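Me: Got a model open here and want a quick walk through it. Can we start with how the chain contacts are spread along the sequence?

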2 protein chains.
Amino acid sequence: MRADAARNQEKVLAAAEQLFATRGANDVTMDDIAKAAGVGRGTLYRRFPDRASIAVALLDSHEQELQARLLGGPPPLGPGAPPAERLTAFYDAMLVLLDKHVHLVLGTEVGASRFATGAYGFWRAHVRSLLSDVDDPDAIVDVLLAPLAPDVFQHQRSLGISLDRQRSALSQLATGVLSWRGGHP
Amino acid sequence: MRADAARNQEKVLAAAEQLFATRGANDVTMDDIAKAAGVGRGTLYRRFPDRASIAVALLDSHEQELQARLLGGPPPLGPGAPPAERLTAFYDAMLVLLDKHVHLVLGTEVGASRFATGAYGFWRAHVRSLLSDVDDPDAIVDVLLAPLAPDVFQHQRSLGISLDRQRSALSQLATGVLSWRGGHP
DNA sequence: CTTACAACTGGGCGCGATGTCCGCTTATTC
DNA sequence: GAATAAGCGGACATCGCGCCCAGTTGTAAG
């Protein structure tokens, strides 16, 4: 990549972050971003085919950091704690991430596209690995990830439910699903 | 309402149902529907401000029927069974509804608009009423409804997860959350 | 039956966003 | 300092939306 191209990409990301934070993510047009970054539409579309790809780029570093902590960080987030605790810790971390970047995530994942993200695949694999002793983990995993959808998060917030209440709600969910052994001896 | 207007409304709904079923709901433009129904754009917009309102109208009868069964039908869907069973029954009924009408529901509820629906309010109130003895039911209820989002449903299907597996996954969720009493004496 | 009114009809119009295309510019390499 | 390829940017065509109004048609009163 040429030096000027890198510079422009940086300008685009900075401008987009600003705009996404100010107004809602989908009240920002490609044109707005191009204008704010001081580049032409063509330049913008060269790197980023749509708004979502810009939001993905902006989120990337944060998500990778969380992924690293999941794989190799200290428990209960990282390996070493019992599944229920790790799931709760994962929920906590995701809620913090959402809390910081809802606007970005809403820009990324509208509806079905959410599941196509590489990040979703990672969260799914992680949670899946915690479900070794429930029935049909492959069906449960998406159910457990559903409450982390950005619009659910946002909706709860608009209802006045605080981050802490969300945390304890998800904690109840994690404990309930992973600790209930009704049918086992 | 004038007789011809009623006739046209009928034509619009029939045409829309056809189109929604054929292609995906959001590959159908207002123009398509107007053309297929044999009415002008203005006529279409008179009754229905957008695609969502058409899908809502098409879903309305089915949803009302379920709502009636929730309020006054036989248990476990209606009153009389213990909460965990009623929640499971509710999940089952919703999955059946989704299974029949995913295309419509996807046309209705994209992202945040899902929560603005009158129907969502009803489901929320119903499930809320089943949560009398969990902590902070107002925070849990949206979590329990999240897996019923049409895009989650669709995603699981595209992964090859059958209706039955979805049913038992949600049943595990209901039982887990409602039957776990870790902190109680 | 006729008449007069109000509701309904339908397509034309402007708007705003999208994504592509191509002539020009600028960084890089020898 | 020239050659060359990569990058730039804005003009352009396209599409869907939603409004609007002049003509039409159902309806109800006389």
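Reply: Sure. This is a predicted model. Take contacts in chain A between residues at least 6 apart in sequence: 61% of them join residues at least 24 apart.

Me: What is the secondary structure of chain A?
Reply: Chain A has 10 helices and zero strands. Along the sequence the pattern reads α-α-α-α-α-α-α-α-α-α.

Me: What does the C-alpha trace of chain A span along its principal axes?
Reply: About 65 × 40 × 25 Å.

Me: And how much of chain A counts as buried?
Reply: 35% of its 185 residues.

Me: Confidence next. What is the mean pLDDT of chain A?
Reply: The mean is 91. 97% of the residues of chain A reach 70 or more.

Me: Where in chain A is confidence lowest, and where highest?
Reply: Lowest is helix H6 of chain A, residues 113–116, at a mean of 86. Highest is helix H8 of chain A, residues 137–145, at 97.

Me: Switching to the pair. What rotation superposes chain A on chain B?
Reply: A rotation of 180°, with 0.0 Å of shift along its axis. The RMSD is 0.1 Å. The two copies are thus related as by a two-fold rotation axis.

Me: Which residue of chain A comes closest to the rotation axis?
Reply: A:Gly176, with its C-alpha at 2.2 Å. The same surface serves both copies: 97% of the contact residues of chain A recur in chain B.

Me: Let's look at H10 in chain B. How many residues does it have?
Reply: Helix H10 of chain B has 17 residues, 163–179. From first C-alpha to last it reaches 24 Å, close to the 24 Å expected at 1.5 Å a residue.

Me: Which of its residues are buried in H10(B)?
Reply: B:Gln166, B:Ala169, B:Leu170, B:Gln172, B:Leu173, B:Ala174, B:Gly176, B:Val177 and B:Leu178.

Me: What covers them?
Reply: The cover of the buried residues of H10(B) includes H8 and H10 of chain A. It also includes H5, H8 and H9 of chain B.

Me: Now the DNA. How many residues surround strand C?
Reply: 21 residues surround DNA strand C. The closest are A:Ala3, A:Gly42, B:Val39, B:Gly40 and B:Gly42.

Me: Which elements give two or more residues there?
Reply: For the surface near DNA strand C, they are H1, H2 and H3 of chain A, plus H1 and H3 of chain B. H3(B) gives the most, with four residues.

Me: And by class?
Reply: The surface near DNA strand C has nine charged, six polar and six nonpolar residues.

Definitions and conventions
Residues numbered from 1 in each chain as written. Chains lettered and ligands numbered in written order. Predicted model: local features only at pLDDT ≥ 70, side-chain atom pairs only at ≥ 80, totals over all residues. Least-squares fit on C-alpha atoms with pLDDT ≥ 70 in both. Contact = placed C-beta atoms within 7 Å. Buried ≥ 20, exposed ≤ 12 C-beta atoms within 10 Å, placed from the backbone. Near = placed C-beta within 6 Å. Nonpolar A, V, L, I, M, F, W, Y, C, P; charged D, E, K, R; others polar. pLDDT = per-residue confidence, 0-100. Expected span 1.5 Å × (residues − 1).
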